[in-house]
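Thanks for coming, everyone. Please take a moment to look at the sequence and the model on the screen, and then I will walk you through a few of its helices.

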Amino acid sequence: MQVQSNSSLSVVVVHSNSSFLVMNTINLLGNSTMKLSGRFLITRGNASFSAFPPIKHHNRHNLSINSLTLGFSFDRSNRMQAYPFKISGFQRMFKNTQKSSPVFSRSFGHSRPFNVVSEKSRGLYVSASSVASKVSNYSTSVETRVNDANFERIYVQNGINVKPYVERIDKDENIVREQESIIEVNNYEGVHEDDLEGVNGLKVENPRRDETDIEKEAWRLLQEAVVTYCGSPIGTVAANDPGDKQPLNYDQVFIRDFVPSALAFLLKGEGEIVRNFLLHTLQLQSWEKTVDCYSPGQGLMPASFKVRSVPLDCNKFEEVLDPDFGESAIGRVAPVDSGLWWIILLRAYGKITGDYALQERVDVQTGIKLIMNLCLADGFDMFPSLLVTDGSCMIDRRMGIHGHPLEIQALFYTALRCSREMLAVNDGSNNLVRAINNRLSALSFHIREYYWVDMKKVNEIYRYKTEEYSMDAINKFNIYPEQIPSWLMDWIPEEGGYLIGNLQPAHMDFRFFTLGNLWSIVSSLGTPRQNEAILNLIEAKWDDLVGHMPLKICYPALEGEDWRIITGSDPKNTSWSYHNGGSWPTLLWQFTLACIKMGRLELAKKAVAMAEKRLSVDRWPEYYDTRTGKFIGKQSRLFQTWTIAGFLTSKMLVENPEMASLLFWEEDYELLEICVCALSKSGRKKCSRGAAKSQILV
């Protein structure tokens, strides 16, 4: 095969009832080092379709195609439909890492060779970033990005022009700089627009079932919640209730809130808003905000931002971005989870769209490194878990979760796995990748060993001896058996278990926190046996954790004197309301993802059907109150965006469960062999990791 710098892609359309051929040429112009020519052969009627799209090669990319088999037909309206197909061994290798591209299949995206035979395929990806209608600004060059019209003037409050912050952490990035790709389509007269759908777009969409009225309403509301900046979509507001006279900060774009909206758009094939969101929030990362003259750590992501209009001279206005790093939030707490969610969303964007060029950009790579360096910074803490204050995550008010809350640990573990997958490995990043691997190993061991409780573990804690001062101590954290709450004795089922909410010296928070447990399943922070047991517990305690509306944010609620002391008498977090045992429909999409991973799709369908009956009728509330989630929350915002987006994402995942494989992680057995225990090196004592693995790993 001859390699040319300016290659072309030819499209041949053969009509079954006519004898003419139409040739279309799409010229891909650019200065990349290598490009392969590709050819499409499309036949009408019952003929077959085969395609090999042009793949863009960089110096550090190698491409291997072992085999490829596709089958298609056209319906009477000449729309392409996919037969069951199989793909084997199509991978992209990046030095010491492997990344796969969802070219040709929505199911494609695993980091290992696999075969796919799907009867339920509703669409087919036929091109990645190299054959898309909107491939501009994919360059890894910072200078090229800054010259883009959408990013050349990014403002914050007071009209200050913020330039992208890029710290040269890498000694040698070795990244090929390239200009924006230009796609020109010539001489396409006589070809049906459906024939070029897979070339001009990211995917070829098969006819799907008609949307229900509830789904149509949800999509309309989600589109109405979209926020634009300089004419481009950039995110969605937290809530868009027209009757709300005091929106507070619900009219802002929150990083954590936008994640389900982003997934809904991505699963529908609309990636522009997600890409804009990722790049604009990256611009805000280096903006220095202070609370009483103290600045947050370098790499901190804002909790939210708002687009404001600032008056200029001559009755003109300029749009500015006004980020909030916690200095305006209730409690003035900087968000820990924003940067973790940003990394998770970045990886999901690449997996679903195939636009890996975004995560390979110098500024994006630097953003990942800054977040990781902030999270991995040395401190006084001796645990591998992340030490945070109260209110630093989805539970953003005082709820007694300070210390090492499970939610942060699960998101931290997920972000570590994402970063290890996306970081370019070179001399400048070797130390960071090594630190990530060490923390992944230590964190998984710590959570699996010390956070897990089931009937057997509770009985073990019940018989703990205290005041053990030795290296051989069983009760390492000096937990007093009297801490076991009375409700837990009768509540925990014979079959099933969960990861507790927090662990500190002389303290175990036995509350069940849904988000942390679900992400432990999704990221494989828990063992396969533990992940299965968590879903067993949810199913066994369905009335408590799901009730009339999925899902409880935590169980049980703080009541009486505990509520007064732990929450500070918070009137919004009264028992079985808001963060204190309230039911949050946005958790539905994460529950759906966890169920699909563990092969429990029926549980997800049951929860989605339950939510679908009420959400539209109740006008999409933020949360529900009471022990069973029967009433709309007393201070709940209506038309809450992440409630709407969570429902849509859940519906699409249930209908296309193969897409979920792009969003979760399987067990990483290599991590289990890594030991960073200092004791094993000092000779003082043999490491206990082997004994622990034999007890909890499957």
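Let me begin with the crossing of two helices, H14 and H17, in what I should say at once is a predicted model: H14 passes H17 in a left-handed crossing. The residues that make this contact are Asn-531, Leu-535 and Ile-538 on the H14 side, and Phe-591, Ala-594, Cys-595 and Lys-597 on the H17 side. If we sort those residues by class, the contact of H14 with H17 has 5 nonpolar, 1 polar and 1 charged residues.

To place the pair for you, H14 covers residues 528–540 and H17 covers residues 588–597, and their axes lie 10 Å apart at an angle of about 125 degrees. Angles from 115 to 145 degrees fall into none of the parallel, antiparallel or perpendicular classes, and H14 and H17 are therefore oblique to each other.

Now I would like to stay with one residue of that contact, Ala-594, which is found in helix H17. Is Ala-594 buried or exposed? With a relative accessible area of 0%, Ala-594 is buried, since the cut-off for that word is under 20%. Leaving aside residues up to four places away in sequence, Ala-594 touches Leu-518, Ile-521, Val-522 and Leu-535. Please look at Val-522 in particular, because its C-alpha atom is separated by 5.4 Å from that of Ala-594, although the two residues are 72 residues apart along the chain.

That brings me to helix H13, residues 514–522, and its partner H9, residues 406–422, whose axes come within 7 Å and cross at roughly 25 degrees. H9 and H13 are therefore roughly parallel to each other, and their crossing is left-handed. On H9 the contact is made by Leu-406, Glu-407, Ala-410, Leu-411 and Thr-414, while on H13 it is made by Leu-515, Gly-516, Asn-517, Trp-519 and Ser-520. By class, that contact has 5 nonpolar, 4 polar and 1 charged residues.

One further helix deserves a look, namely H10, which has 21 residues, 430–450, and reaches 30 Å from its first C-alpha to its last, close to the 30 Å expected at 1.5 Å a residue. Of its 21 residues, 16 are buried, so H10 is largely enclosed by the rest of the structure.

Finally, let me step back to the whole protein chain, which holds 21 helices and 25 strands. Buried residues make up 60% of its 698 residues. Among contacts with a separation of 6 or more, 71% are accounted for by residues 24 or more positions apart.

Technical notes:
Residues numbered from 1 in each chain as written. Predicted model: local features only at pLDDT ≥ 70, side-chain atom pairs only at ≥ 80, totals over all residues. Heavy atoms only, no water. Helix = DSSP H or I, 4+ residues; strand = E, 2+ residues; numbered from the N terminus. Expected span 1.5 Å × (residues − 1). Buried < 20%, exposed > 50% of the residue type's maximum accessible area, 1.4 Å probe, protein only. Axes fitted to C-alpha atoms, helices over the stretch in contact; angles between N-to-C directions. Parallel < 35°, antiparallel > 145°, perpendicular 65-115°, else oblique. Left-handed = near helix turned anticlockwise from the far one by under 90°. Contact = heavy atoms within 4.5 Å. Nonpolar A, V, L, I, M, F, W, Y, C, P; charged D, E, K, R; others polar.
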